[in-house]
Each structure stands twice: as structure tokens, then as C-alpha cells.
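Subject: Structure handover

Hello,

Here is the structure I promised to pass on. Please open it alongside this note. My findings follow below.

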Amino acid sequence: MAAQKDLYDAIVIGAGIQGCFTAYHLAKHRKRVLLLEQFFLPHSRGSSHGQSRIIRRAYPEDFYTQMMAECYQIWAQLEHEAGTQLCRQTGLLLLGMKENAELKIIQATLSRQGVEHQCLPSEELKQRFPNIRLARGEVGLLEKSGGVLYADKALRALQDAIQQLGGIVHDGEKVMEIKPGLLVMVKTTSRSYQAKSLIITAGPWANRLLRPLGIELPLQTLRINVCYWREKVPGSYGVSQAFPCFLGFGLAPYHIYGLPSGEYPGLMKVCYHHGNNADPEERDCPAAFSDIRDIHILSCFVRDHLPNLEPEPAVMEHCMYTNTPDEHFILDRHPKYDNLVIGAGFSGHGFKLSPVVGKILYELSMKLMPSYDLTPFRISRFPCLGKAHM
């Protein structure tokens with residue numbers, strides 16, 4: 001039996017942005033919380049590292065746009081508590097052909113939810129953003145509240161806040177075993193702990209922890225190329241030039257997105273919302289053929305749409321995505337153990353939503369009424385999870 005000092009109200013496994021916000025909400029509500037991370041912090045092995053992410057309200061689904069309203073409030077609150085800027089409003093420009101269905105759906109959602117936005121026909125788009133070259137028939141949708149989240153600063157601010165609120169953060173401790181029960185036992189490479197509830201936010205490692213607990217989620221782990229492109233004239237795509245974040249729809253098989261230059265001097269981040277199947281333990285393996293194809297797609301986009309960038313990436317980094325088949329999150333309790341909560345499948349759009357995701361996971365772990373309808377996020381929506389997976 002673990003000593004009383006090793007008994008927690010909740011243990012959170014995985015100190016990415018979702019795990020950090022979950023621990024933050026638990027600590028805010030005076031719960032005794034332990035946040036466990038297998039790597040030494042900060043690290044670049046998962047999905048939450050790097051300097052920047054896009055923040056936006058523009059979604060096809062009403063429920064994400066609604067959740068983002070509270071997310072903006074919590075980001076601002078954390079920014080105030082940390083005394084450092086975590087978010088910069090640049091606007092978000094959605095690009096696509098006038099008839100693009102997803103663009104039309106997003107515009108309808110923004111209108112329904114009362115989010116300020118502006119439709120930009122081709123001529124107006126050219127005047128507003130002369131360093132974007134348009135193909136015939138392309139239009140823009142500008143969401144004014146969109147912008148950049150400073151990801152690495154946000155993680156540090158949260159980890160500091162958790163500890164200031166009395167929570168405990170242990171990095172460099174890999175979870176070796178989980179024993180469910182009235183009290184959950186978690187054995188790490190260093191010691192054993194007990195908790196009344198356990199929250200797993202382990203990103204691409206989620207199924208490694210869940211398989212011994214009798215469930216395997218339909219998660220696809222991908223290695224993403226994070227590409228930075230050199231400006232021909234430094235600063236021409238920078239925030240100082242009022243250049244926005246952008247999302248391109250229907251211009252390639254998957255979305256293309258970009259953020260104003262700033263992370264690296266004179267380099268702009270432009271990436272492809274897709275990658276290669278990869279084991280998170282082998283993410284540094286040599287480039288596959290599809291990597292080369294994805295970079296070629298990006299190079300063509302940069303050459304055609306961003307003429308003031310060099311059309312070959314100057315810097316290329318890697319990041320892990322963890323996707324569900326419908327690209328919606330999993331926020332639910334284990335089907336058998338109701339004090340075991342799972343948060344998974346966040347990749348591509350989870351960072352900006354993490355303040356509310358963390359709040360929901362806190363509510364599930366404390367058996368409180370969730371603040372949002374969790375129907376889109378239930379494990380039961382995947383009919384393939386039959387008895388063979390339980």
C-alpha cells in the first residue's frame with residue numbers, strides 16, 4: 001500500500017498541453033494532483049512543442065466554435081496570471097475557391113455563432129494582401145479574432161501555474177503499469193502512486209497505456225513535417241506587415257496552413273495538414289517517399305501563392321499527430337473503469353481548445369456534470385470497438 005503522501009485526488013499521465021490544462025483545472029479547484037511525463041521537460045517528442053499554433057473560432061462544427069468562446073477567456077486569464085503574452089491577434093484568412101463547400105459551411109457557422117468575419121472577393125483580397133498571389137476564382141474569408149498562440153510559452157506558464165497552485169509535476173518518469181481499482185495504482189520507473197482518479201492524455205502513446213486496460217482506440221499516429229520558408233525580403237510576411245495566419249481549403253488533398261514569420265527570423269511557417277504513419281518511438285526514422293511528395297505539394301503552393309518566399313524549405317522539423325477516424329477528440333471515461341478518464345485524438349486542432357478540454361477532463365475525473373455536450377467525443381461513436389477491443 002502506498003504511503004498516504006503518495007495518494008492523490010487525481011494523476012494525469014502526459015504533460016502536453018491537454019494534460020497540463022487538466023492538471024491546472026484540478027489544482028485550481030484545490031485537488032491534490034500529480035502530473036507525470038515520461039520525458040524530461042521541455043521536450044520535442046510529442047505534439048505540444050514548438051513556438052506557435054493557430055488560434056481561431058472558424059470551424060465547420062458549431063460545437064467547436066462555441067467551445068472556443070470560453071477558450072479565449074481562459075487563455076486571457078492564463079496570460080494575465082503568467083504576466084507574459086501567450087496570444088497575438090493577427091486575423092485568420094481562409095483561402096479557397098468561391099464554390100468550396102467547407103468554406104461555405106464555416107462561413108455559415110461563423111454567422112450563426114455571431115463571430116466577426118469578412119468575405120473578401122478576389123480583387124479586395126489582392127488589395128489587402130498583395131504578397132499573396134491568387135489563382136482564378138479564389139476568394140478569402142477573414143476571421144478577425146484568429147491569431148497565433150505562443151505554444152512553448154503557454155506550456156511553461158501552465159507548468160509553473162500548476163506548481164504554484166500546489167500541484168506536483170514529475171518529468172523523466174515513464175509509466176510502467178496501471179492497476180485499476182477503487183484507488184488506481186500507477187507504477188513508474190521511479191516509484192508507485194495511488195489516486196482516486198486517473199486521466200490519460202498521452203498523445204501518440206495513449207494505446208500503449210490503454211491496451212493492458214482492455215481497450216484499444218482507433219488512433220492513427222502520424223509524423224508531420226513542420227516546414228519553415230525563407231522570406232526573399234525579411235519581414236515581408238511578418239506580423240509587422242499585418243500578415244495573417246491562413247488556412248487553405250481544397251488547394252491540395254489536405255489543408256495547407258501558415259503563420260506569419262517570427263519564430264525564426266526571416267522564416268515563415270507553412271505546413272501540410274497530413275503526414276506519414278509512424279510509431280512515436282521511431283519518429284526520427286529517415287524520410288519516406290510520402291514525405292518527399294508532401295514537401296513537393298507545399299513547394300508548389302508556396303511558389304504559386306507566396307511569391308516572396310523561397311520555394312524550398314529552409315528548416316524542417318517533425319511533430320507527432322494522433323488522429324481519430326472522424327478527427328474529433330475522445331473525451332470519455334473508460335467503458336469498464338469509471339475513475340479512469342481518457343483524452344485523445346487532439347492533433348491538428350487540439351492546442352487552441354485545450355483550456356476547455358482540460359476543464360472537461362477535470363469534470364469527468366471528479367464526476368461532475370460536464371460543461372458541454374460530449375456526444376461528439378464519446379468512445380461509443382466508434383462501432384468497431386466491439387468486444388475484441390474491450
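How much area does the protein expose, and what share of it do carbon and sulfur atoms supply? The exposed area is about 16700 Å². Carbon and sulfur atoms supply 52% of that. Keep in mind that this is a predicted model.

**Overall build**

The protein has eight helices and 20 strands. Its C-alpha trace spans about 70 × 45 × 45 Å along the principal axes. The radius of gyration is 21 Å, which agrees with the value near 21 Å for a compact globule of 390 residues. Of the 390 residues, 55% count as buried. Consider contacts with a separation of 6 or more: 73% of them join residues 24 or more positions apart.

On charge, there are 42 positive and 39 negative side chains. The centres of the two sets lie 3 Å apart.

**Cores**

The largest nonpolar core has 48 residues. Within it, Trp75 and Leu353 touch the most other members. Six elements give two or more residues to this core: β1 (7–13), α1 (17–28), β2 (33–36), α2 (62–82), α5 (151–164) and α8 (354–365). Helix α2 gives the most, with eight residues.

Which residues does Trp75 touch, not counting those up to four places away in sequence? They are Ile17, Phe21, Ile55, Leu149, Ala154, Phe351, Lys352, Ser354 and Pro355.

Another core lies apart from this one. It has 29 residues, among them Ile11, Val175, Trp205 and Ile215.

**Two residues to look at**

Start with Ala10. This residue is found in strand β1. Is Ala10 buried or exposed? Ala10 counts as buried, because its relative accessibility is 0% and the cut-off for buried is under 20%. Leaving aside neighbours within four places in sequence, Ala10 is in contact with Leu26, Arg32, Val33, Leu34, Ala195, Ser197, Ile199 and Met366. Gly235 is 225 residues from Ala10 in sequence. In space the two are 46 Å apart, C-alpha to C-alpha.

Then take Thr109. It lies in helix α3 (residues 101–112). Thr109 has a relative accessible area of 0%, so it is buried too. Again leaving aside neighbours within four places in sequence, its contacts are Tyr59, Pro60, Glu61, Asp62 and Thr65.

Best regards

Notes: Residues are numbered from 1 along each chain as its sequence is written. This is a predicted model: local features need pLDDT of at least 70, side-chain atom pairs count only at pLDDT 80 or more; totals for chains, interfaces and linings use all residues. Side-chain values use heavy atoms; hydrogens and water are left out. Helices (H or I, at least four residues) and strands (E, at least two) are DSSP runs, numbered from the N terminus. The radius of gyration is taken over C-alpha atoms; the globule rule is 2.2 Å times the number of residues to the power 0.38. Buried means under 20% relative accessible area, exposed over 50%, partly exposed in between (1.4 Å probe, protein chains only). Contact means heavy atoms within 4.5 Å. Accessible areas come from the Shrake-Rupley method with a 1.4 Å probe; for residues, only the protein chains shown count as cover. Lys and Arg count as positive and Asp and Glu as negative; His and the chain ends are not counted. The place of a charge is taken as NZ of Lys, CZ of Arg, CG of Asp or CD of Glu. A nonpolar core is a set of buried Ala, Val, Leu, Ile, Met, Phe, Trp, Tyr and Cys residues joined through side-chain atoms within 4.5 Å.
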